[in-house]
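Please open the model in your viewer, and keep the sequence beside it so that you can select residues by number as we go. The tour moves from one selection to the next, with a short account of what is there at each stop.

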Amino acid sequence: QKYHKMKTEIYLGIRPNGDLEWLKVPVHEEPGSISRLHLFDFHEFLGTDWVEMVRIPFGNLVLYVDEIGKLRDPVLPVNPYASALYPGTKLGDPIVGSVVVGCVKPTEPLGELDGFACSFDDYVLLLRMLGLGGDPDET
């Protein structure tokens, strides 16, 4: 039996209060694996087993969110940073709770997304755009 070395990628987690966390996530590249990234890798940070990937209209960015955060009692707090990126906020549907930011191939159809970590430059640009600093060493 051949064993495969587990690789990791670094993702950006954003809490509703603006606290940032860099998440080291294993990448599953075993032959026959359905997906290289399993959403349960984000469960601990998001605090849920119900993870949803939400595509946002900024380049190739996606948010991993708590799919049932608005149904919890009490409802999770609005994440103003994630909500600023999400067009549904204008329709009264903000993002709640913590989020993980990732990227996808821009040409992938919705529903067939296989996320990956964004580049360092993408994360720095996003942090600057959200007013959360620009250098991850500052966080």
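Begin by selecting Glu 9 and Tyr 11 and showing their side chains, which make a polar contact with each other at 3.0 Å. This is a predicted model, and the distances given on this tour are computed from it. Glu 9 lies in strand β1, and because its relative accessibility is 17%, under the 20% cut-off, it counts as buried. Now add Ala 117 to the selection and show its backbone, where the nitrogen lies 2.9 Å from a polar atom of the Glu 9 side chain.

Next, keep Tyr 11 in view and turn to the aromatic rings, of which the model has three pairs. Select Phe 42 as well: the ring centres of Tyr 11 and Phe 42 are 5.2 Å apart and their planes stand at 70°, so this pair is edge-to-face, the class for angles over 60 degrees. If you colour the chain by secondary structure, you can see that Tyr 11 belongs to strand β1 (residues 7-14), whereas Phe 42 sits in the loop between β2 (20-27) and α1 (43-46), so the pair ties together parts that are 31 residues apart in sequence.

Are these two rings buried or exposed? Tyr 11 has 0% relative accessibility and therefore counts as buried, and Phe 42, also at 0%, counts as buried too.

Stay with Phe 42 and add Tyr 64, with which Phe 42 forms a tilted aromatic pair, 4.6 Å from centre to centre and with 45° between the planes. This pair, too, links distant parts of the chain, since Phe 42 is in the loop between β2 and α1 while Tyr 64 is in strand β4 (residues 61-66), 22 residues apart. Both Phe 42 and Tyr 64 are buried. With Tyr 11, Phe 42 and Tyr 64 shown together, you are looking at one aromatic cluster.

For the last stop, leave the rings and look for the largest pocket, which has a volume of about 180 Å³. Which residues should you select to find its centre? Of the 13 residues that line the largest pocket, those nearest its centre are Glu 52, Val 65, Asp 66, Lys 70 and Ile 95. Strands β3 (51-55) and β4 each supply at least two residues of this lining. If you colour the lining of the largest pocket by residue class, you should find seven nonpolar, one polar and five charged residues.

How values were computed: Residues numbered from 1 in each chain as written. Predicted model: local features only at pLDDT ≥ 70, side-chain atom pairs only at ≥ 80, totals over all residues. Heavy atoms only, no water. Phe/Tyr/Trp six-rings, centres within 6.5 Å; stacked < 30°, edge-to-face > 60°. Helix = DSSP H or I, 4+ residues; strand = E, 2+ residues; numbered from the N terminus. Buried < 20%, exposed > 50% of the residue type's maximum accessible area, 1.4 Å probe, protein only. Polar contact = N/O pair within 3.5 Å; in protein donor to acceptor, adjacent residues only side chain to side chain. 1 Å grid on protein atoms, 1.4 Å probe; cavity = no way out; pocket = protein on both sides within 12 Å on 5 of 7 lines; lining within 4 Å. Points joined across faces, edges and corners; volume = space filled by probe spheres on them. Nonpolar A, V, L, I, M, F, W, Y, C, P; charged D, E, K, R; others polar.
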